[in-house]
Structure formats: structure tokens, C-alpha cells
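Hi everyone, thanks for making time. I'd like to walk you through a structure that's new to most of you, so let's get it up on the screen.

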Amino acid sequence: MSPLKKLLEIGSSPHISSGASVDNIMFNVVLALLPVTIFAVYAFGTGAALVLAAAVLSCVLTEHVLCKFAGQPTTVGDWSVAITGLLYGLTLPPDLPLWMVFVGGAFGVGVGKFLFGGLGMNAFNPALVARAFLQAAFPQAMTHWQMPFIDDRFTHIPSSVLAMPFAEPVYDAATQATPLAQMKFEAVFAADAQLMYGLTTGSVGETCGVLILLGGIYLVARNMMNWRIPASIFLTVAVMTWIFQQIDPQTYPGPLFMLFSGGLMLGAVFMATDMVASPITHIGCWLYGLLIGVLVVVIRFWGGMPEGVMYAILLANAVSPHIDNLIQPRVFGTGRKSG
Amino acid sequence: MALKPVSPTDEFVKGLWRDNPVFIQVLGMCPALAVSNTAINALAMGAATTFVLVMAGLSVSLLRKFIPKEARIVSYICIIATFVTCVDYIIMALSIELHRALGAFIALIVVNCLILGRSEAFASKNKPGRAMLDGLGMGVGFTFALLFIGIVREVLGSGTLFGVSMFPDGFQTWTIMVLPSGGFLAMAGWLLIVNWLRQKEDDAARRAAEAES
Amino acid sequence: MTQAPVEQKKTTAWQMYRAIVGIGAFCAILIVGVYMATAPQIKINQERFLASAVSEVLPAAVLTQAVALDDDGQLVVVEENADLPAFLGYDAEGNLVGAVMTSEAMGYQDIVRVLYAYTFENQAITGMKVLETKETPGLGDKVEKEPHFLANFEALDARPAADGSGLANEIVTVKQGEKTEPWQLDGITGATITSVAIGHILNISAQVWVPVLEREARAIPAPQPPAPLEPTEEE
């Protein structure tokens, strides 16, 4: 292909894959995400629907164009990039301007996935790369939260969503602080039930914890998701939060609040489990979940920002190959030092 | 190519493109990434570095027979640090605002490996005139590179160029471009373009050579 | 270093000394020369910068007098500006109009240092300028640009308490759009920490300065017209 020299070989196991199942897995992931998506559109209305559509479209288009540009057969047919787009859309605020959605999608797929070598080679979850880029580029727009269940949400398109490319969005919809921002800046804790059933505000697809959990259980039942990662994250967060709540219940919320607020559910179930960017060994998965859980709690309680799931997962992505290296099982028949 | 006698103009021109300190040699990354958030900062940093490069090149070249090789690094650093201190005072005398914007990075010109690199690799082996030309070329190339990065970052990050507003009101600024990470992104983008152009250049040269033979 | 093995051309100790001492002397002379040449201009620049900042926050002042608090908390006239400079401001007739103080505290990323003006007439903070900040561009630096935040400093109530122990009302930053009292700062959504820090900086400084100023500033004689810090006309 290109005469650029390969300076560095990066390979992640497994090096032998069973090929045909990508389509099948991806179809099931879509099925698992369907209830969350439908609820998101129901709760936030047209804005969320447009943001989700734009997110999927931007990722698919970018992948297609880049494949053509590099002279490779296009890989949009295997659904994986569409899932990336859908997950990316679910992490965005419901009234984000569409042009920003496109910029983020192009960055996530272009830089987060394609530059690393495409499907199966990405070191980071491309959907989160896209979101992290937007968070750094447009911090105001990325922390602007439309109120859920507004009466005219199906008939009225928020003006910010249709902002001209490169123009600053003008907001007309009612807004609300997210439960985590309320906790951080006002020390107000939302009720657990409100969080579980998605009655609070937040990113498009992060509000309804119960539906996300259902999707996850479906995937685990079909043996298509590593249950150890989310289990480890939930356990870590719950235990750490419980300890701090015992110390100072005024400042620190309870475990249920932490589990169902912000992007933790969506992140733990659908993002952290990215098969490419997470460890392979079982112990590795537990360690990886532990790391994410600790980082989430630390960022939320003592960091400058109210939410830290995205950064926690990206950081854990970065160390996941090293986790695998660290706890590599001894190859049968070799000595103590094999590698 | 290596054995051809090099003309004085060539000593100057090589720093602009063929051996550009930022895009080709990838030297002096700390100021290139840190002080390129606006075009004017990039220009000022480039000018300060150029001054130090030329003066250090001249001094090192003049003193090249005088400095024993065992003591050359300490001598070079001492000379470079002197000129950086001078630049620091001069900028403070010119404008306090500019000095505040460049901040600690003026002092850090001392450890810009580009200057030590040119002193060691070129000025210590060549005549003063050539050493100054080489320093000037490298400095101008460095300034150009910083300016390229600075323009991208300022236009996207603040919506202005040299402080003049570029867009109608309501332009959404890309905060990331003003932050340090924006330096890496802009730098990576330019490296991509430069490497692509060079690859095309090489291909064309190879094809021409094949056609000749 | 240990004895080097015999080489074809060995550098003698004399050559080493000669080079290092020679270069050291050359560099020292150069630095001192440039310093001497630029020092007066640098001093003028720094004074002009401070003077322009002072006249920006307290435009009514034509003459200024540098002051400081001594160890007993008494107001004293000083010649040179201290680490956190403070000034009394007088109009053309020599009437005391206000005071300008510097204060600093921790922001979101690093120390934020501000200059603010207290006006005696309406007992309020009437001007604020951020001197030094490393806050996130686009977020934290909004405190320098956002019009509704700067509008706080048209007249931010800083009345001293009746017993002279501090301010009558603590200056606090409230959430954007929730300002109800004249001593509250209307905060900035998206720059919460920095805008709260500004309120905190003003409060800690004004709590100390305002009672002292009200008690003692009028006793200090106005400076004679060619004051050292008058902003120069030419330029």
C-alpha cells in the first residue's frame, strides 16, 4: 500500500479470530441498544433523534471516505462502525449542534480508529475518543443539558441543534443541571429511583440505567459480552462509595446514586467492554474494571469536573495491553521467565 | 549529493524546507507546542529563537579553535544562556505584555535542543559567515513552522488572526486548539501534510531517475 | 575525572581554564551590559503597566499614592510597591476618591491575581481587573470577558461593618442569574470555580482593607501633583 516504513509493530491478541461472527455480534449489540435508543428519543424528542442520526451518519461516512481514500475495500458493511456511531450519539447532550456531532464523529473514526489501523486495531474506544475531543473543543456546548420530557419535544426542534456550521449555538430549550453537577456544586442528591428510570437529565442515552442494564444482561446471556468488566466496575464503585458515605454522608452520595447517575451504566456496560480495547484474560478484566471504578470515584469526588467515566475508560484503555502483559499466564512447558 | 560543494545560499535555504527544524528534524518541540497558541506569540518566539541561533552560531564559530572539545558542551550552554538572558531583557524592555504572554518559555530557549544541535553539528565546524547563515536559515524555518501552527490554532481556537477577528459574531471557538492538546493536533496535521508532500517529491525524483537510466 | 589515556593531542589544563574562564568573562560582561542598557526602560514599562491597570479600575483617580498595611494593621505611605501593591486614588483637586488593592488566591489551575478598586463615595467595589491567570482558555478566563460578570463591578456593595471588624456583608459568588443582593457576585455557568474564586479573593482582601481605609485613609495627605505613578500623556 504506502511506502511508509512500518516503524513499530503493535499487535494485540487474540491473533486468530473466527472471522464471520463480527456481523452476528454487532447485530445483537444493536438489539441490546434498541430499548435505550427508543427511550432516549421518547425522553428528549426530536433533538435526540437528530443527534443520534447524525452521529451514526458521521461515523459511517468517515469510515467509508477514508477506506476509499486509502484504496481499501470499504468496511462499513460489518455494522461495527454504525455501532460506534450509535454509542457515540448516546453519550452526547441532546441539544448539541449537528455540525459538532459531525466534527466529533469524523475525529473519533479518523483519529481514534482509522489511524490505528481500523477495526480490531484501535487502542481506544473510538466513540469515547470522539466525545473526549468534543468535550475539550466545545466545553460549553458539551455541558448544556436540555430538560427531559418537555411537552413540545416532538413538535419543536431545539434551535441549537440546527446551528449553522461553525456558529455558536443559540439555546431556546429549558435546561437543568445533571444530577452529578448538582451533587458536585450544590450538594443535592437526586433520588435513586429517578435516576434508575431515567427521569433526570443527562446525555441522550445515559439516563435510563435499568434499560441499559437489561441490554447488558441480554448480551451476557447470549455470551457476547464479558460480564466481568461491568461487574468489577460496579463492585468497585459501590464498595468505595459505601465506605465514603459511612465516613461523611453529607458530602458523599450512596452507592445506588453513583451507579445510576451520569454515564457509569452506559460506560461500564457498552464502552468499557469494547472487545478490542479491553484486556483478554479474566484476571485482567477484573483489574481493568477495578481501575475504571477507582478512577470514576476519584474524578467524581475530588476532580474538577462532575463526571469522569469517559476519562476513566480512556485511561484504562491505554493501560489494558500492559495489564495483559503483567498477568500473562505462564506458557505451558516453559520456565518461570518466558518473555 | 553530499559531496557537492555547498553554496552559502544553500546553507540558508536548507533550514526553510529540506532540513526544517520543526517539520523535518522535529527539534525544539517544547516551544513549538507551547507557545504557538496565537500567531503573534509564535512570531515573537520565532524571532527570539532566531536571534539566539544566529548569535550563538557566530560566537561558537569564532571560538571554535579556542574551545577544547572536552569543555564544549559547557561552553556552548554558557554562550546560549547568555544570549537568552539578553533576549529576555530586550523583550521586557520592548513590551511587558509580550513578555507576559511568552512567560517562562523565553528562559527555556536555553534548553531548546535546536540551538545546541546547530552549535555542535554546524557552527563548531564552519566559518562564522556560514554559521550565521545556517542559524538564520534554521531560525527562519523554525519561525515559519511555529507561525503555521500558530495560525491554525489562533483561527480555530480564538476566531482571530494576529488579534484581528476573522469571522462574523457568533463563531464557535474550538477551545481545544488553544489548550496544549491543540498544539499536538495542529502539529500532527502539518506533519501529515509535509510528509505527504515529501513522499510525492521523492517519488517524482525516483521516477525521473528511472526514466533517465 | 581520572587520568585520560595518552592521546595524540592532549588538551592541557591551561587550555581548559582559558576557555571556561574566558567564556565566563565574556558572557558576564555581555549580560551586565544588556541589563544596564535595558533596566531603565524595563522599570518604566512595569510602572506604566501597573499605572494603566490602576487607572483602568479606578478611572476617577488622577493621582495615586502607594500605601501598605504595617504589622499592626495601620495604613502607611510607602515609597516602593510591595508584593501586593495598593494605592489611594485622588482626583485633580486632591480629593480622595478611592483605593486600589491587589489580592490573590487559588483558582481552578493556579493562583489568580486581581486588581480591584474601592470607592469611598458609594462604599462599593467599582472595578476589577485580572492581572494574572492561567485558567482554562474559553472557560475560566471568561471572568475577564463575560459582560454580565463584569457588570457585577459597576457597584458591588462592600460597606464596612458598624464595629469596623470587617465587611457588613460577606462578598459571595452565587449561581448565574441568582443575584439578589448588591454584595453578591453573579457567577458564570461553565466557569463556576474561577468565578467563585474571584468572589473569595475580593472578600478576603476587602474584609481587611475596607475598615482600615474607612478609618485612616482620609488622614493621609494627598500627594503633590507630579506623582510618580501618574499615567504619562505622551506615547
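One term before I start: when I say buried area, I mean the accessible area, taken with a 1.4 Å probe, that two parts lose on being put together, summed over both. And please keep in mind that what you're looking at is a predicted model.

Okay, with that term in hand, let's go to chains B and C. The area buried between chain B and chain C comes to about 2200 Å², and carbon and sulfur atoms give 78% of that. In residues, 27 from chain B are in contact with 24 from chain C.

So which parts of chain B touch chain C? How many salt bridges does the rule find across this interface? Let me take the second one, since it's quick: the rule finds 0 salt bridges between chain B and chain C. As for polar contacts, the count here is 2 residue pairs, both partners at pLDDT 80 or more. Now the parts: α4, residues 72–94, α5, residues 96–102, and α8 of chain B each supply at least two residues to the side that touches chain C. The one that gives the most is α4(B), with 13 residues. If you sort that side of chain B by class, you get 18 nonpolar, 5 polar and 4 charged residues.

Let's turn to the other neighbour of chain B, which is chain A. Here 10 residues of chain B are in contact with 16 residues of chain A. The buried area is about 1100 Å², with 67% from carbon and sulfur atoms. Three residues are worth finding on your screens: Gln172(B), Trp174(B) and Ile176(B) supply 50% of the area that chain B buries against chain A, more than any other three residues.

Again, the rule finds 0 salt bridges between chain B and chain A. There are 3 residue pairs in polar contact between these two chains, both residues at pLDDT 80 or more. From chain B, α8 (175–178) and α9 (180–212) each bring at least two residues to the side touching chain A. By class, that side has 5 nonpolar residues, 5 polar ones and no charged ones.

A quick word on chain B as a whole. It has 9 helices and 2 strands. Starting at the N terminus, the order is α-α-α-α-α-α-α-β-β-α-α. Its C-alpha atoms fill a box of roughly 60 × 55 × 25 Å along the principal axes.

Now over to the inside of chain A. Have a look at helix α2, residues 46–69, and helix α3, residues 80–90: in chain A these two pack at an angle of about 145°, with axes 8 Å apart. Their crossing is right-handed. On the α2(A) side, the residues that meet α3(A) include Val51(A), Leu52(A) and Glu63(A), and their partners in α3(A) include Val81(A), Leu86(A) and Tyr88(A). The contact divides into 11 nonpolar residues, 3 polar and 1 charged.

Hold on to Glu63(A) for a second. It forms a salt bridge with Lys113(A), where the closest N and O atoms are 3.5 Å apart. Why is that pair worth a look? Glu63(A) lies in helix α2 of chain A and Lys113(A) in helix α4, residues 98–113, so the pair ties together parts that are 50 residues apart in sequence. Over all chains, a search of the whole structure finds 14 salt bridges.

That's my tour, thanks.

Conventions:
Residues are numbered from 1 along each chain as its sequence is written. Chains are lettered from A and ligands numbered from 1 in the order in which they are written. This is a predicted model: local features need pLDDT of at least 70, side-chain atom pairs count only at pLDDT 80 or more; totals for chains, interfaces and linings use all residues. Side-chain values use heavy atoms; hydrogens and water are left out. Contact means heavy atoms within 4.5 Å. A salt bridge is a side-chain nitrogen of Lys or Arg within 4 Å of a carboxyl oxygen of Asp or Glu. A polar contact is a pair of N or O atoms within 3.5 Å; within protein, one must be able to donate a hydrogen and the other to accept it, and residues adjacent in sequence count only if both atoms are side-chain atoms. Helices (H or I, at least four residues) and strands (E, at least two) are DSSP runs, numbered from the N terminus. Ala, Val, Leu, Ile, Met, Phe, Trp, Tyr, Cys and Pro count as nonpolar, Asp, Glu, Lys and Arg as charged, and the others, Gly among them, as polar. Axes are lines fitted to C-alpha atoms, for helices over the stretch in contact, and angles run from 0 to 180 degrees between N-to-C directions. A crossing is left-handed if the near helix is turned anticlockwise from the far one by less than a right angle, and right-handed if clockwise.
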